[in-house]
Structure formats: structure tokens, C-alpha cells
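I wanted to practise reading a fold piece by piece, and I kept these notes as I went. The sequence and the structure come next, and my entries follow.

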Amino acid sequence: MTAVRAIAETRAYERPDSKSAQLWERAQRVLPGGNSRTTVFMAPRPIYAAEGEGCWIVDVDGDRRLDLLNNYTSLMHGHAHRAITDAATRRLARGASFPLPTAEEIDLAALIADRVAGDSPIPAAKPS
């Protein structure tokens, strides 16, 4: 069994000259309350993320943190999961936001419908 590595307490974001402090000053000029989500605020200012991999986040001040929230469960595979970034890159290379329906949205709807119990299938739309 490998030894459990202790996670050091990191507080570089608290320094008045930190990158987080600089971003916080800038944010207060353009975002109501200086933040896009009140749930991410920490005193004396928010910690700003720079990158993530798996279950780890590195903030703009270089501190590595264990991410126990995973964007409130929307990142169940963690940050920058190779299969997901590869799939997203392939899709983005072909375009990703259209004013038309896509086959992928039907695939996703079918996957969700298969996982949710229901009494009857949704009837197909009839052309006018």
C-alpha cells in the first residue's frame, strides 16, 4: 500500500499582491458583487482556478488543491479527462453550435429516455 501524501495548507491567494487579489480587483469592476456565483466566494477573496486535471485544481497563484466538488457533480470524470477532451475537440473541429438540430441531440435524448421510466414513448411530430 502506498503512503498517503499529506496535502499542505495553501494560502497564497490571501496575499494582497497575489494573482487572485489582482483578478478580484478587476472582477469587482465588471461583475455585480465581483463574482459570477456567490457559492465560490471565500474571504478575503475568491480563489481563481487556472487549470485542472483529474481531481486536482491549480489556482492562479500556483497552489494545487484537491477538488472535492467537481463543479457540484457535473464533472464526475474529473478535470481534463482524455476521452472527453478528445471527443469535444473532434466535435469542435466540425462546429458546435448551430441554428439547426443535430444527430447528437437525438442520440443524447434517446440515451436519457432509455434511463428514465415512462408510460409511453413520445409520439413523433407530424409534418404540417
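I looked up the sheet first and found an open sheet of three strands in the order S1-S2-S3, with antiparallel pairing; strands here are DSSP runs (E, at least two residues), helices are runs of H or I with at least four residues, and both are numbered from the N terminus. Two strands count as paired if DSSP finds at least two bridges between them. Strand S1 (49-53) and strand S3 (64-66) stand at the edges with a single partner strand each, so one side of each has no neighbour in the sheet. I noted that neighbouring strands are turned by 30 degrees against each other on average, direction ignored, where the axes are lines fitted to C-alpha atoms and angles run from 0 to 180 degrees between N-to-C directions.

I should record that this is a predicted model, in which local features need pLDDT of at least 70 and side-chain atom pairs count only at pLDDT 80 or more, while totals for chains, interfaces and linings use all residues. Residues are numbered from 1 along each chain as its sequence is written, and side-chain values use heavy atoms, with hydrogens and water left out.

Next I followed S1 into strand S2 (residues 56-59), to which four bridges join it in antiparallel fashion. Gly52 has Ile57 as its bridge partner in S2, and Glu53 stands opposite Trp56. The hairpin of S1 and S2 has two residues between the strands, and there Gly54 takes a positive phi near 60 degrees.

Is S1 buried or in the open? Of its five residues the number buried is zero, so S1 lies largely in the open; buried means under 20% relative accessible area, exposed over 50%, and partly exposed in between (1.4 Å probe, protein chains only).

I then turned to helix H2 (residues 82-93), whose 12 residues should span 16 Å at 1.5 Å a residue, and its end C-alpha atoms are indeed 16 Å apart; the expected span is 1.5 Å times one less than the number of residues. After H2 comes Gly95, with a positive phi near 100 degrees.

Last, I looked up salt bridges (a side-chain nitrogen of Lys or Arg within 4 Å of a carboxyl oxygen of Asp or Glu), and the search of the whole structure finds six. In one of them the side chains of Arg91 and Glu104 meet at 2.6 Å, N to O. Arg91 lies in helix H2 and Glu104 in helix H3, so the pair ties together parts that are 13 residues apart in sequence. Salt bridges that share partners join Arg91, Arg94 and Glu104 into one network.
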